Amino acid sequence: MLLDLSAKVEYALLALLELANHYTHKTPLTMGEITAKQPIPERYLEQILTSLRRAGIVQSQRGSRGGFLLMREPWRITLLEVVVMLEGEQKQRENPPENTLEKTLIQEIWQQADQATQEALNRYTIQDLYEQREQRLQQNQMYYI
């Protein structure tokens with residue numbers, strides 16, 4: 001697979017998905033509530049939520065009714081934004097002067113693949129993930145008589 005999804009990004013998206021589920025209620029979720037629904041180690045989740053808070057994607061509330069909330073609408077948070085925030089921008093490789101035609105062709109194709117990946121991640125939002133999950137949950141529901 002060309003683009004390898006890091007555990008950090010996957011856990012962040014899972015946490016954001018749960019926060020999106022509660023966005024309309026405006027009720028914060030604790031880390032315990034998130035980890036009860038998603039298989040994320042709590043210590044790792046704390047680091048991820050701290051990064052997301054610093055980036056202005058989530059906010060934290062202290063107190064007995066505290067927890068985490070999305071700072072923005074889930075349809076305004078792209079997957080690309082989350083990936084770049086957690087993993088950083090990918091640096092362009094410099095072409096050494098002894099580049100051959102074949103190396104140049106390979107690098108150009110790799111750049112096109114990277115650009116297509118970034119465009120796809122920029123097209124999808126946390127809201128899209130949430131809606132697709134809800135759609136599949138409804139399709140998979142079994143009815144018993």
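The following paragraphs go through this predicted model from its overall layout to its core, two of its helices, its salt bridges and two backbone details.

The protein contains six helices and two strands. Read from the N terminus, the order of elements is α-α-α-β-β-α-α-α. Of its 145 residues, 31% count as buried. The exposed surface of the protein comes to about 10,600 Å², and carbon and sulfur atoms supply 51% of that area. Among contacts with a separation of 6 or more, 67% are between residues 24 or more positions apart.

The interior comes next. The largest nonpolar core has 32 residues, and L16 and L19 are those with the most contacts inside it. Two or more residues of this core come from each of α1, α2, α3, β2, α4 and α6, the last of these covering residues 126–140. Helix α1 gives the largest share, 10 residues. What does L19 touch, apart from residues up to four places away in sequence? Its contacts are L29, I34, L49, V58, F68, L69 and L70. One of these, L49, belongs to the buried residues of α3.

Helix α3 can be taken as a first example of how a helix sits against the rest. It comprises 13 residues, 42–54, and at 1.5 Å a residue it should span 18 Å; the C-alpha atoms at its ends are 18 Å apart, so the two values agree. Which residues of α3 are buried? They are L45, I48, L49 and L52. These four lie on the same side of α3, because the arc they cover around the axis is only 100°. R43, Q47 and R54, on the other side of the helix, are exposed. The cover over the buried residues of α3 includes three helices, α1 (7–21), α2 (31–37) and α4 (79–87), together with the strands β1 (58–61) and β2 (67–70).

Helix α6 can be read the same way. Its 15 residues should span 21 Å at 1.5 Å a residue, and its end C-alpha atoms are 21 Å apart, which agrees. The buried residues here are I126, Q127, Y130 and R133. Their arc around the axis is only 125°, so they are on the same side of α6. R136 and Q139 are exposed on the other side. Among the elements covering the buried residues of α6 are α1 and α4.

The buried list of α6 includes an arginine, R133, and this residue leads to the charged pairs. Side chains of opposite charge can pair when their charged atoms come close. The count of salt bridges in the model is four, with a cut-off of 4 Å between nitrogen and oxygen. In one of them E18 pairs with R133, and the closest N and O atoms are 2.7 Å apart. Because E18 lies in helix α1 and R133 in helix α6, this pair ties together parts that are 115 residues apart in sequence. Is E18 buried or exposed? Its relative accessibility is 2%, so E18 counts as buried.

R133 also forms a salt bridge with E134, where the closest N and O atoms are 3.6 Å apart. E134 has a relative accessible area of 26% and is therefore partly exposed. Through shared partners, the salt bridges join E18, R133 and E134 into one network. Another salt bridge is formed by the side chains of R72 and E81, at 2.4 Å from N to O. R72 is partly exposed, at 24% relative accessibility, and E81 is also partly exposed, with a relative accessible area of 25%.

Two backbone details remain. Most residues other than glycine have a negative phi. K26 is not a glycine, yet its phi is positive, at about 60°. Where does K26 lie? It is in the loop between α1 and α2. With a relative accessible area of 52%, K26 counts as exposed, because the cut-off for exposed is over 50%. The other detail is G56, which follows α3 and has a positive phi near 80°.

How values were computed:
Residues are numbered from 1 along each chain as its sequence is written. This is a predicted model: local features need pLDDT of at least 70, side-chain atom pairs count only at pLDDT 80 or more; totals for chains, interfaces and linings use all residues. Side-chain values use heavy atoms; hydrogens and water are left out. The expected span of a helix is 1.5 Å times one less than its number of residues. Buried means under 20% relative accessible area, exposed over 50%, partly exposed in between (1.4 Å probe, protein chains only). The arc is that of the directions from the helix axis to the C-beta atoms. Contact means heavy atoms within 4.5 Å. Accessible areas come from the Shrake-Rupley method with a 1.4 Å probe; for residues, only the protein chains shown count as cover. A nonpolar core is a set of buried Ala, Val, Leu, Ile, Met, Phe, Trp, Tyr and Cys residues joined through side-chain atoms within 4.5 Å.
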